[in-house]
Amino acid sequence: MQTALTWAGLLAASVVIEAALSAVHMPAAALLGPMIAGIGFALAGLKLRVPSLPFRAAQSIVGCIVAAAITPAILATVLADGPLFAAVIAATLLASAVIGWTLALRGGLPGTTAIWGTSAGAAAAMVLMARHYDADSRLVAFMQYLRVVCVAGTAALVGRLWAGVDATAGPVVWLPPLQPVDLLATVAIAFGGAFLGQRVRLPAGPMLLPMILGATLQGLGLIRIELPPWLLVPSYAVIGWSIGLGFTREVLIHALRVLPQIMLSIIALMASCGLLAWLLVWLLGIDPLTAYLATSPGGVDSIAVIASTTNVDAGFVMAVQTLRLFGVMLVGPALSRLIAERMRIRR
């Protein structure tokens with residue numbers, strides 16, 4: 001009974017914090033609210049732990065979120081300008097790797113933690129990948145979501161000053177119109193992939209297998225990934241709790257101690273991507289706002305809202321953002337292992 005009451009208190013606190021964050025239009029409020037509540041409960045000494053099954057299910061939903069971004073329209077955009085996309089994504093990955101390596105050497109963070117924390121991909125996916133590659137997922141979450149706030153806020157400000165766009169998302173439609181067949185296919189992909197990913201012992205398998213399978217089927221036009229809010233929000237909450245409940249006073253103190261270095265890494269990554277956007281404008285004549293939104297390192301949801309309500313090439317923007325995420329998830333594990341080995345040899 002005491003455990004049930006503690007979970008009820010955590011749920012209530014999560015809802016209140018999420019509502020407060022949503023009221024000020026904070027990005028990723030559905031995940032940040034439960035994470036902040038979990039940190040508070042952990043620091044108060046209330047010991048809770050997210051069971052394995054709900055956590056694997058939440059991982060699989062994140063994999064489907066990534067897969068949902070791969071649409072036939074985006075694939076057509078990529079095929080039309082393949083070398084350009086490859087160059088942009090490679091430059092961004094190189095910049096984030098250099099910044100992560102520098103932060104690992106100078107910033108007081110373990111190599112793998114610094115790499116995943118500076119990776120310019122979807123924050124939830126990077127935290128889950130970090131958990132499977134010997135990084136401190138709590139510090140990675142701190143770095144990733146701090147950057148999400150900075151990037152999304154900057155992108156919203158640029159969109160408003162440049163084109164008078166309000167990047168605020170509209171009210172949540174909890175019961176949107178759905179295609180039952182696509183919804184059932186999405187659920188089957190998510191939970192079937194999570195089950196198989198656990199069985200084959202693939203690192204981050206519960207997320208990667210649904211992502212690959214869902215992206216393939218949707219890219220071929222066979223299904224459309226359906227992820228209504230009543231399925232997404234609980235998944236975000238489970239991931240937020242799994243991160244927050246793992247915090248300790250020592251971890252929080254360390255995160256605050258290295259906050260200046262983390263902020264410098266965020267500014268450096270944003271500046272690097274801004275330089276890349278300027279090169280796209282100068283060399284290829286791409287619209288400046290399109291180039292800026294396409295190269296922004298994170299805050300994909302807010303960038304998607306701006307791109308969809310502005311006179312920019314939204315297909316180009318979302319193609320770059322989506323393929324960069326795939327690039328990080330493909331290159332990240334090898335890069336993480338390489339830097340961890342280099343750091344071990346250096347020590």
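A residue is termed buried when its relative accessible area is under 20%, exposed when over 50%, and partly exposed in between, using a 1.4 Å probe and protein chains only. The model is predicted, and local features need pLDDT of at least 70, side-chain atom pairs count only at pLDDT 80 or more, while totals for chains, interfaces and linings use all residues. Residues are numbered from 1 along each chain as its sequence is written, and side-chain values use heavy atoms, with hydrogens and water left out.

**Exercise 1. Characterise the chain as a whole.**

Solution. Step one concerns burial: of the 347 residues of the protein chain, 49% count as buried. Step two concerns secondary structure, taken from DSSP runs numbered from the N terminus (helices: H or I, at least four residues; strands: E, at least two). On this basis the chain has 16 helices and zero strands. Step three concerns contacts, defined as heavy atoms within 4.5 Å. Among contacts between residues at least 6 apart in sequence, 76% join residues at least 24 apart.

**Exercise 2. Describe the largest cavity and place Ser265 in relation to it.**

Solution. On a 1 Å grid over the protein atoms alone, a cavity is a set of points where a 1.4 Å probe fits but cannot get out; a pocket is an open set with protein on both sides within 12 Å along at least five of seven lines; lining residues have an atom within 4 Å of a point. Points are joined across faces, edges and corners, and a volume is the space filled by probe spheres set on them.

1. The structure holds one cavity of 30 Å³ or more, and the volume of the largest cavity is about 50 Å³.
2. Its lining consists of Gly117, Thr118, Met143, Arg147, Ile262, Ser265, Ile266 and Leu269.
3. Helix α13 (259–284) gives the most to this lining, with four residues.
4. By class, the lining has four nonpolar, three polar and one charged residue. Here Ala, Val, Leu, Ile, Met, Phe, Trp, Tyr, Cys and Pro count as nonpolar, Asp, Glu, Lys and Arg as charged, and the others, Gly among them, as polar.
5. Ser265 lies in α13 and counts as buried because its relative accessibility is 7%. Leaving aside neighbours within four places in sequence, Ser265 is in contact with Ile99, Leu103 and Thr118.

**Exercise 3. Determine how α12 packs against α13.**

Solution. Axes are lines fitted to C-alpha atoms over the stretch in contact, and angles run from 0 to 180 degrees between N-to-C directions. Helix α12 (residues 249–257) and α13 pack at about 55 degrees, with axes 5 Å apart. The angle therefore makes α12 oblique to α13, given that angles under 35 degrees count as roughly parallel, over 145 as roughly antiparallel, 65 to 115 as roughly perpendicular and the rest as oblique. The contact is formed by Ala255, Leu256 and Arg257 of α12 with Leu259, Pro260, Gln261 and Ile262 of α13. These residues divide into five nonpolar, one polar and one charged.

**Exercise 4. Analyse the second largest pocket.**

Solution. The second largest pocket contains about 430 Å³ of space. Of its 22 lining residues, the closest to the centre are Arg49, Val50, Ser52, Phe55 and Arg131. Helix α3 (52–68) gives the most to the lining, with four residues. The lining divides into seven nonpolar, nine polar and six charged residues.

**Exercise 5. Assess the burial of α14.**

Solution. Six of the eight residues of α14 (residues 288–295) are buried, so this helix is largely enclosed by the rest of the structure. The buried residues are Leu289, Thr290, Ala291, Leu293, Ala294 and Thr295.
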